[in-house]
Amino acid sequence: MAQNKKFVFIITHSHDNPDKVAGAMQLATNMMAFDADIVFFLMDKGALLAKKGFGETLTWQAKDQFSPIADLMKTLSEDFNVKFYICASCFKHHGLDKVELIPNSESKPGSFLGEMLFERQGLTF
């Protein structure tokens, strides 16, 4: 099995499709057990996930399908120290410049995502 493979999970959903978000985060959490090098790039509605406390509001996931989004985000950021990059264009559009953000997150331009895709496999959700 290939060890230390690098991935960028590109998340474009939040409240509009919480099951897709939960599935992506569940997969990332599971991959961490195999020493994958994972970062997230949050864009479009996915940028809202960077707002501290927003994950806790996503309670309408399908029952018993994936772990709750808030729990997955906490595991990824606190236990695995995964970085969450937020699309700079989406950052201000969603008012994230005026709120507290989740740990291990920062705003980055789209060009940063492009640069990462030269080094990492991109998975879009």
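**Close-ups around strand β3**

**View 1. Phe 84 is a buried residue of this predicted model.** Its relative accessibility comes out at 0%, and its β2 counterpart Phe 40 is buried too, also at 0%. The two rings make a stacked aromatic pair, with 4.9 Å from centre to centre and 20° between the planes. In sequence they sit 44 residues apart, Phe 40 in strand β2 and Phe 84 in strand β3. Ring pairs also bring in Phe 9 and Phe 125, giving a cluster with Phe 40 and Phe 84.

**View 2. Strand β3 has a parallel partner in β2 and another in β4.** Most of β3 (residues 83-87) is covered, with four of its five residues buried. Four bridges hook β3 up with β2 (residues 37-42), and here Phe 40 and Phe 84 turn up again, this time as bridge partners. To get from β2 to β3, the chain goes through helix α2 (residues 69-79) in a right-handed β-α-β crossover. Strand β4 (residues 105-108) is joined to β3 by four bridges as well, with Ile 86 partnered by Ser 107. Helix α3 (residues 88-93) carries the chain from β3 over to β4, and that crossover is right-handed.

**View 3. Tyr 85 and Phe 112 meet edge-to-face.** Their ring centres are 4.7 Å apart, and the planes make an angle of 65°. Tyr 85 belongs to strand β3 and Phe 112 to helix α4 (residues 110-117), so this pair ties together parts 27 residues apart in sequence. Tyr 85 is buried at 12% relative accessible area; Phe 112, at 19%, counts as buried because the cut-off is under 20%. Lys 108 lies over the face of the Phe 112 ring, 4.8 Å from its centre.

Notes
Residues numbered from 1 in each chain as written. Predicted model: local features only at pLDDT ≥ 70, side-chain atom pairs only at ≥ 80, totals over all residues. Heavy atoms only, no water. Buried < 20%, exposed > 50% of the residue type's maximum accessible area, 1.4 Å probe, protein only. Helix = DSSP H or I, 4+ residues; strand = E, 2+ residues; numbered from the N terminus. Pairing = 2+ DSSP bridges. Right-handed = clockwise from strand over helix to strand, strands pointing away. Phe/Tyr/Trp six-rings, centres within 6.5 Å; stacked < 30°, edge-to-face > 60°. Lys NZ or Arg CZ within 6 Å of the ring centre and 35° of its normal.
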